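Here's a quick look at how one fold is put together. Have the structure open and follow along.

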Amino acid sequence: MTANQRSAIFIDGANLYATTKALGFDIDYKKLLNEFQSRENLLRAFYYTAMIEDQEYSSIRPLIDWLDYNGYRVVTKPVKEFTDSMGRRKYKGNMDIELAIDALELSAHIDHMILFSGDGDFRSLVEAMQRRGVKVTVISTIQTQPSMISDELRRQADEFVDLASLAGRIGREANERPARAAGEAPSRYRGEGRANPGLENRYGIRQPEAEEE
């Protein structure tokens with residue numbers, strides 16, 4: 001990797017969450033951004049996730065807000081609710097199309113795509129990016145049983161990086177994360193410009209301190 005290599009990060013939020021949970025550590029998204037900014041010319045960092053519309057205080061909202069204000073392009077869409085054949089309520093929120101479109105539109109402007117996902121559905125996207133001259137690195141893990149990455153995606157990638165090997169540089173140990181206090185109210189700090197201790201504790205990320213008036 002070189003400082004002149006133009007790159008972009010594409011994070012499949014749900015897939016990355018499942019992977020880190022299986023590995024037993026949490027991502028520090030500030031460290032993640034700094035890690036790749038130090039390696040090459042990082043132009044964009046995208047984070048994709050679906051959200052349930054009527055859950056204003058969903059557990060992921062503080063993370064989404066922080067990412068949106070601290071260097072990430074956050075792409076969300078509503079989760080679709082449906083009832084399966086057994087009458088059970090299910091939710092579906094696939095962001096593959098949104099991620100693929102953004103990657104293809106950006107392909108003429110980057111040399112390197114960094115994909116945080118193990119979803120085999122992205123194999124065709126990786127192949128399409130490679131045809132456009134873009135190197136693709138896929139980050140997931142084979143350290144779990146079963147593996148969190150499909151064989152076809154791993155074989156298609158120019159480079160595969162096991163997420164477990166990055167834990168020391170971009171992660172926090174799950175057992176070091178303070179538990180949420182009982183009765184702690186959901187945080188609504190978006191745009192307030194002040195530190196949020198709960199956010200720092202739960203996600204390993206920091207808000208800038210408010211400036212004195």
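What follows walks through the sheet, its middle and the helices packed on it.

Keep in mind that this is a predicted model. The sheet is open and has six strands, in the order 4-3-1-7-8-9, with parallel pairing. Strand 4 (73–78) and strand 9 (159–162) sit at the edges, each pairing on one side only. From one strand to the next, the twist averages 20°.

Here are some of the strand pairs, each with a residue pair standing face to face:

| Strand pair | Sense | Bridges | Opposite residues |
|---|---|---|---|
| Strand 3 and strand 4 | parallel | six | Tyr-48 and Val-75 |
| Strand 1 and strand 7 | parallel | five | Ile-9 and Ile-114 |
| Strand 7 and strand 8 | parallel | five | Leu-115 and Val-138 |

Strand 7 deserves a closer look. How many of its residues are buried? Five of five, so to speak a mostly covered strand. His-112, Ile-114 and Phe-116 point one way, Met-113 and Leu-115 point the other way, and all are buried. Strand 7 also starts a β-α-β unit: together with helix 5 (residues 123–131) and strand 8 it makes a right-handed one.

Now for the helices. Helix 1 (residues 13–23) lies across strand 1 (6–12), strand 3, strand 7 (112–116) and strand 8 (135–140), and runs at about 75° to strand 1. Helix 3 (residues 61–69) lies across strand 3 and strand 4, running at about 155° to strand 3.

Technical notes
Residues numbered from 1 in each chain as written. Predicted model: local features only at pLDDT ≥ 70, side-chain atom pairs only at ≥ 80, totals over all residues. Heavy atoms only, no water. Pairing = 2+ DSSP bridges. Helix = DSSP H or I, 4+ residues; strand = E, 2+ residues; numbered from the N terminus. Axes fitted to C-alpha atoms, helices over the stretch in contact; angles between N-to-C directions. Contact = heavy atoms within 4.5 Å. Buried < 20%, exposed > 50% of the residue type's maximum accessible area, 1.4 Å probe, protein only. Right-handed = clockwise from strand over helix to strand, strands pointing away.
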